[in-house]
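Q: Hi! Please take a close look at how the inside of this protein is put together, starting with its nonpolar packing and moving on to the bonds and empty spaces around it.

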Amino acid sequence: MSSVSRPRSTAPVLMGLLTVLWAASPRAEGPPASSAIQARRTLKPIQLDGRLDEAEWAEAPLYDRFVQTFPKNGAAPSERTDLRVLYDDDNLYVGILARDSQPQLINRQLGRRDRPPESDSVTVMVDSAHDHRTAYAFTVNAGGILRDVLYFEDIKYTEDWDAVWDGAAADLPDGWSAELVIPLHLLRFPEAPTHTFGLAVRRQLARTREVIDSTLLPRNDNAFVSRFGHLEGLERIPQRSGLQLTPYVAARFGMSPRYADPARPTPRLGSPSADVGVDLRAALTSDLTLTATVNPDFGQVEADQLILNLSTFEQFFPEKRPFFLQGMDVFQPVGESSQTLFYTRRIGLETPILAAVKLTGNLTDTLQVGVLDAVVMGPSAPRTDGVGEDGEAPPDRRIRFHPSRPLHLGPNNELPAQAGPAQNFLTVVLRQQPVTGVSVGGTFAAATPLSDLCSGILPSDPAERDACRVAGGNAAALDWDVRSTDGAWGVRGQLTGSRVAGGPAGRPLRDGTLLRPGDLGMGAYVSGGKQGGEPFRFDVGYEYLSPRLELSTTGYQPTQNLQEASGRVSFVRPTGFGPLLDFSTSVQGITSWTTDGRGIRLSHKLTVGALATLPGFHAVECELGQLTGRSDIREIPLTGIPYERPPYRYVACSGSTDRNRALSFLVDGYVGRISAPGPLPSKTGGGGALTMTWRPTPRLETQLTSELLTNLDGPRYVGDEDGRLVFGQLHPRAMSFTLRQLLVLTPRLTLQAYAQFFSAYGRYGPFFEGTPDANGRLPLARLTPTTTALDPDFHESALNLNAVLRWEYRLGSTLYFVYSRAQTELPTTPGTAQVTRLAPNQLLDGATTDTWLLKWSHQWGL
């Protein structure tokens, strides 16, 4: 059996080299103190209306030394901006006058909170801990729409952080103005008689895309928060330990099929239900925040996008639930890899969340902590005696109290026939920043089953008893991030370990690896290089995942039994290249092979890409790539047989028009070709997507996305027929139309609608059979034509609808009215051929679930 030698890890050498480079680099930290912004204490709270007409504003020191960051880095701005800052014991007040020589061209487009469209805006970014890594960003656009963002690790950010603060905008004859009221309890800062905050204020002019900053934040630096200016004059700020309670009441009525069999979509039953719950937020100190939720309800959240996944890997879905989005910066992984210990989608999607608690903040000036614990459990439908006319037990319409879900009220027939296991999910993160530019962290994650799948009554048969057991898992990781203080050089990585806790005596993975209770796994990755500056950058990386590394009980790990080496060289001009406003190009190579001792090559990938922003603020990006030397040990399930995949070459391009215009477009397209040896067919195909965004008025936005996709690859595994491994050439197609409609009645009253129609089919043929060679591999050359009685063809279509009326009737308090529909096509009658066309197949006759939801929440501050 052929094998390749395993290269020795270069992590220690690379880390040592870049640590030396970090130590030797110049210590750059924002502008000099002489250009600091001065804050003034006010004895009278500011009345928020967007107009800086109170006498207190006139007494605050004026700051107007703004500079242009884009498109001309370091140039004088085209428009004047005036900044003033006030504060009292409770709030930080920021007032901005955005002068404009063409006020009639100011873009005041409206949108929903946290999702403002392209428009004129001002953003206040506060590094209150002055650690040069974390900042809170608060945005007000010229239409009065608010947005908040959390920056972490200096250059990363998340739009999912949510805070209760307020801001307003007002029109002026020569521009517009904004007032922001930022509660001090939202900001982390140590106890001290005087404070210096990091501060940057950014103004964006939509019509010219000009970016104007209070201090220069160079686009070619791999640094952001550490480049902020200083806010001084903050004295005697008291420590606050505020408490916010947000209870909710939700009433729901659903119409769904009586039978679980999708071939029996009627009759439908109506099921009313109700939930109560509460969210809690407590500022234990100015540096430490406790957040908790009891019986959370996320019925107002948009449904996941429908997709066709033909790979052998789990699909990643973004988190949308508010509790798992807010204050999660410390839980974010360092770098990019397939070893994520904490994936919030593991919690509460199959079994309801009973309660969850989260602790985030700083234990010391340099030590950050994050703790999240969640308990999921729920009842199953009680067994009923008797048989109806249809041969099944009649639905149980009784309403009963269930201790495992005490704050939910509804009929028994809406409960699942088998409850998911009760589990406890725990994640703990500690991250230390001993000096600027260096971060070292540790993460522990555990999924602990609290029950089995048989309600505690284990069958006497060993096989059945084994099927009742639920697998848990523990995982731990040590991560590091070392960067030069100017951000140009850096190295980051992680060492990972896992242990299987409980579960079946043997649980097979897709590649045939058998996991047993107590099995240990390990992983690691490291990457580093020159990541900032112009014109050349480079980075190299290596990742290792052992065959028994198991992070999927708590995290996201699409595969295991893999090691991968990569390198990339880039030419970048973020400050412009000739007539282009932004330009970059790169060459990247990636090679991967197994870690099970066989050294099986999995893939060689080479890509060349380029990205440019054109003078009209249109953008274009293209990539050419090829994959060769491919093998897949997951295609033939549970065997680990290395199955050869044909070489694949592709070109993919995307382009977008200026998003500031009333009508804008985004287009993606690709063309690819597989080259297979005879008698296997070579194949050329492609696909694309087009998104149109139309904003005819400041209050209305329509976005329509249409997609037509295909998948190119060699023959796919169909099944085992009489000991023969059967493969079929797959010809798939998928089509999707997605509509997003937004109507802004007021900045706090919005109507949002979402609709997706999805249809896909897969047709197999011709068919082949093959057997592994003497080395246990299955090359494509060993496949021979065959016939089979297997029928792997498929067709599916679905329709998802969601409409949400959201009214923030009071700051932090909301009223939702939601309608949603989920509809799937009627299955093909057994014995008939699958439809192989993109048109929906009996979609209107399929199973349909309609839900109406009314949810009210109210926030109290104690």
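A: Happy to. Contact here means heavy atoms within 4.5 Å of each other. Please keep in mind that this is a predicted model.

With that cut-off, Leu231 touches Ile37, Gln38, Ala39, Val85, Leu92, His195, Thr196, Phe197 and Leu199, leaving aside residues up to four places away in sequence. Leu231 belongs to the largest nonpolar core, which has 40 residues. Along with Leu83, Leu92, Val124, Phe138 and Leu187, Leu231 is one of the members that touch the most other members of that core. Leu92 thus appears twice, as a contact of Leu231 and as one of these well-connected members. Separate from this group is a second core of 16 residues, and Phe331, Ala356, Ala374 and Val376 are among them.

A polar residue can also sit inside, and Thr750 is an example. Thr750 lies in strand S40, which runs over residues 749-770. Thr750 counts as buried because its relative accessible area is 4%, and buried means under 20%. Leaving out residues up to four places away in sequence, the contacts of Thr750 are Gly111, Arg112, Leu742, Leu743, Val744, Val804, Leu805 and Arg806.

Next, the covalent links. The model has 2 disulfides. Numbered in sequence order, the bonded cysteines pair as 1-2, 3-4.

One disulfide joins Cys454 to Cys468, with an S to S distance of 1.7 Å. The torsion about this S-S bond is about -70°, so the disulfide of Cys454 and Cys468 is left-handed. This pair connects distant parts of the chain, 14 residues apart: Cys454 is in the loop between strand S21 (438-449) and helix H3 (462-468), and Cys468 is in helix H3. The two ends differ in exposure: Cys454 is partly exposed because its relative accessible area is 22%, whereas Cys468 is buried because its value is 2%.

The other disulfide is formed by Cys622 and Cys653, whose sulfur atoms are 2.0 Å apart. Here the S-S torsion is about 115°, so the disulfide of Cys622 and Cys653 is right-handed. Again distant parts of the chain are linked: Cys622 in strand S31 (residues 619-628) and Cys653 in strand S34 (residues 648-656), 31 residues apart. Cys622 is partly exposed at 28% relative accessibility, and Cys653 is partly exposed at 33%.

Finally, the empty spaces. The structure holds 7 cavities of 30 Å³ or more. The second largest cavity encloses about 150 Å³. Its lining has 15 residues, with Asp131, Thr134, Asn362, Gln368 and Gln433 nearest the centre. By class, the lining of this cavity has 3 nonpolar, 6 polar and 6 charged residues.

A cavity is closed to the probe, while a pocket is open. The second largest pocket has a volume of about 870 Å³. Of the 35 residues that line this pocket, Arg346, Glu350, Glu550, Ser552 and Thr553 are the closest to its centre. The lining of the second largest pocket splits into 16 nonpolar, 10 polar and 9 charged residues.

Definitions and conventions:
Residues are numbered from 1 along each chain as its sequence is written. This is a predicted model: local features need pLDDT of at least 70, side-chain atom pairs count only at pLDDT 80 or more; totals for chains, interfaces and linings use all residues. Side-chain values use heavy atoms; hydrogens and water are left out. On a 1 Å grid over the protein atoms alone, a cavity is a set of points where a 1.4 Å probe fits but cannot get out, and a pocket is an open set with protein on both sides within 12 Å along at least five of seven lines; lining residues have an atom within 4 Å of a point. Grid points are joined across faces, edges and corners, and a volume is the space filled by probe spheres set on the points. Ala, Val, Leu, Ile, Met, Phe, Trp, Tyr, Cys and Pro count as nonpolar, Asp, Glu, Lys and Arg as charged, and the others, Gly among them, as polar. Helices (H or I, at least four residues) and strands (E, at least two) are DSSP runs, numbered from the N terminus. Buried means under 20% relative accessible area, exposed over 50%, partly exposed in between (1.4 Å probe, protein chains only). A disulfide is a pair of cysteine sulfur atoms within 2.5 Å. A nonpolar core is a set of buried Ala, Val, Leu, Ile, Met, Phe, Trp, Tyr and Cys residues joined through side-chain atoms within 4.5 Å.
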